[in-house]
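Hi there,

Here is the model I promised to pass on. Please have a look at it, and my notes follow underneath.

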Amino acid sequence: MTRVEVEYCVPCGMLNRAQDVSEAILKQFGEQIDEVALVTGDAGVFVVRADGEVVFDKTEDEYDVDAIVRAVKPHVGAAA
């Protein structure tokens, strides 16, 4: 099953965004995933990984919770 990590910048105050993404992933996939982990970071980081693969990086992608959930979905299907 799939493990998702949401790494966020603590000094930047990105906890709310990280929680929003985590909640959306859990609501969408429920028991189809093993874990959604919040990982603390710094230097402006906001990266979402599914099974170790980056599916969202704020330096390259526009922040959109729905788009992040869609990016995680192929990993959930692949893990089944």
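Below is what I found, starting with the aromatic rings.

This is a predicted model, in which local features need pLDDT of at least 70 and side-chain atom pairs count only at pLDDT 80 or more, while totals for chains, interfaces and linings use all residues. Residues are numbered from 1 along each chain as its sequence is written, and side-chain values use heavy atoms, leaving out hydrogens and water.

Rings of Phe, Tyr and Trp (its six-membered ring) pair if their centres lie within 6.5 Å; planes under 30 degrees apart count as stacked, over 60 as edge-to-face and the rest as tilted. The count by this rule is three aromatic pairs. One of them joins Phe46 and Phe56, edge-to-face, with 5.9 Å centre to centre and 80 degrees between the planes. Phe46 belongs to strand S3 (residues 46–50) and Phe56 to strand S4 (residues 53–57), so this pair ties together parts ten residues apart in sequence. Strands here are DSSP runs of E, at least two residues, and helices are runs of H or I, at least four, numbered from the N terminus.

Phe56 also pairs with Tyr63: the centres are 6.4 Å apart and the planes at 75 degrees, so this pair is edge-to-face. Phe46, Phe56 and Tyr63 form one aromatic cluster. Phe46 is buried at 1% relative accessibility and Phe56 is buried at 3%, whereas Tyr63 is partly exposed at 25% (buried is under 20%, exposed over 50%, partly exposed in between; 1.4 Å probe, protein chains only).

Best wishes
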